[in-house]
Amino acid sequence: MRAHNVAVAVTVATMAIVGTSACSADSSARPRSASQSAATPLQGRLRDGLLTQAQLPDGFQALTEQVNATTTGAPHARASTVSIASMPCPELGVGTFMTVHAPPVEDVAVGLEQVPDSDSDSDGDGYGDDEGWFGQESLDRYAPGRAAAVMDAIRGAAQRCPSYTDTFVTGTHGQSTVSVTGADVQADDSLVLRITTTMPEVTDPFISETAFVREGDVILMVQKVVGQKPRSGVEAVLPAAVAAYRTAAAG
């Protein structure tokens, strides 16, 4: 059963969606945290604001070989003419939806991993209960005033698509529920987008999270790819990510 769950997790984690969405009609989540932060766009050196290994909490690793963390430039993903406000609901679960549907001027990222806890094995199957935490931190810089509109568009998409159906490349269907909560950080704007996906023959749902924090014209994102019963969510890394960016911006 665990092998089946892992295979399904890989399917969900690829986020290679080929179907269309079935959107429901309402959402009540709209938390927001705000402050008078004075951020610098770090134009031309946005990579300096990314987390380093020394800045990560215990148990996390920076995967600099996985994501290009050394080059600042426009994203390589092909931009879409469809905006976040109009994109299909399942696109919310695609890791590149920001750079595709709201292309920034500059984009940098670094991969993140929380090492699995190999000591936990409650069912005695030889595998730890905790499969770890994979994701990335990214920084997207927008033209002046554009980042605030992008944050509003993300909220609007979550309100438009509180639930939808995914169809993956394997033909597997999943039912996803979207929620938005506050990110619990002081910033110009912030939110956490959480997607919970249930699939046939899988007991525990898969959960993905992305925290968005706007500092001036830069949107900082910490993304946790799908997991079941993870030890922690994006809140385990987000404060360190925000601190690292602000330190670089103030330099």
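This report covers the fold, the strand pairing, the nonpolar cores, the disulfide and the salt bridges of one protein chain.

**Overall fold**

The model is predicted. Its protein chain holds four helices and eight strands. Read from the N terminus, the order of elements is α-β-α-β-β-α-β-β-β-β-β-α. The chain has 251 residues, and buried residues make up 47% of them. Long-range contacts carry much of the count: among contacts with a separation of 6 or more, 69% join residues 24 or more positions apart. The exposed area of the chain is about 11,700 Å². Carbon and sulfur atoms supply 52% of that area.

**Strands 5, 6 and 7**

Strand 6 spans residues 189–198. Seven of its 10 residues are buried, so the strand is mostly covered. Strand 6 pairs with strand 5 in the antiparallel sense, over seven bridges. In this pairing, Val180 stands opposite Leu193 of strand 6. Strand 6 also pairs with strand 7, residues 206–215, again in the antiparallel sense and over nine bridges. Here Thr197 stands opposite Phe206 of strand 7.

The loop between strand 5 (173–181) and strand 6 contains Asp184. Asp184 is not a glycine, yet its phi is positive, about 60°. Its relative accessible area is 76%; the cut-off for exposed is over 50%, so Asp184 counts as exposed.

**Nonpolar cores**

The largest nonpolar core has 31 residues. Leu220, Val222 and Leu238 touch the most other members. Strand 1, strand 2 (106–114), strand 3 (133–141), strand 7, strand 8 (218–227) and helix 4 (238–250) each give two or more residues to this core. Helix 4 gives the most, with eight residues. Apart from this core lies another, of 25 residues. Its members include Ile84, Tyr164, Val178 and Met221.

Val222 deserves a separate look. Val222 sits in strand 8. Its relative accessibility is 0%, so Val222 counts as buried. Leaving aside neighbours up to four places away in sequence, Val222 touches residues including Leu112, Trp133, Val234, Val237, Leu238 and Ala241. Polar and charged names also appear in its contact list, among them Gln136, Glu137, Glu209 and Thr210. Val222 and Ala109 are 113 residues apart in sequence, with a C-alpha to C-alpha distance of 9.6 Å.

**Disulfide**

The structure holds one disulfide. Cys89 and Cys161 form it, with their sulfur atoms 2.0 Å apart. The pair links distant parts of the chain, 72 residues apart. Cys89 lies in the loop between strand 1 (60–63) and helix 2 (97–101). Cys161 lies in the loop between helix 3 (146–160) and strand 4 (163–167). The torsion about the S-S bond of Cys89 and Cys161 is about -70°, so the disulfide is left-handed. Are these cysteines buried or exposed? Cys89 is buried, with a relative accessible area of 1%. Cys161 is buried as well, also with 1%.

**Salt bridges**

Five salt bridges are found in the whole structure. The table lists three pairs, including the N to O distance and the relative accessible area of each partner.

| Pair | N to O distance | Relative accessible areas |
|---|---|---|
| Arg45 and Asp48 | 3.7 Å | Arg45 30%, Asp48 42% |
| Glu106 and Arg141 | 2.4 Å | Glu106 7%, Arg141 10% |
| Arg155 and Asp189 | 2.8 Å | Arg155 7%, Asp189 2% |

Glu106 forms its salt bridge with Arg141. This pair links distant parts of the chain: Glu106 is in strand 2, Arg141 in strand 3, 35 residues apart. Buried means under 20%, so Glu106 at 7% is buried. Arg141, at 10%, is buried too.

Arg155 forms a salt bridge with Asp189. This pair also links distant parts of the chain, with Arg155 in helix 3 and Asp189 in strand 6, 34 residues apart. Both partners are buried: Arg155 has 7%, and Asp189 has 2%.

The side chains of Arg45 and Asp48 meet in a salt bridge too. Arg45 is partly exposed, at 30% relative accessibility. Asp48 is partly exposed, at 42%.

Notes: Residues numbered from 1 in each chain as written. Predicted model: local features only at pLDDT ≥ 70, side-chain atom pairs only at ≥ 80, totals over all residues. Heavy atoms only, no water. Buried < 20%, exposed > 50% of the residue type's maximum accessible area, 1.4 Å probe, protein only. Contact = heavy atoms within 4.5 Å. Areas by Shrake-Rupley, 256 points an atom, 1.4 Å probe, with all protein chains shown as cover. Disulfide = S-S within 2.5 Å. Pairing = 2+ DSSP bridges. Core = buried A, V, L, I, M, F, W, Y, C linked by side-chain atoms within 4.5 Å. Salt bridge = Lys/Arg side-chain N within 4 Å of Asp/Glu carboxyl O.
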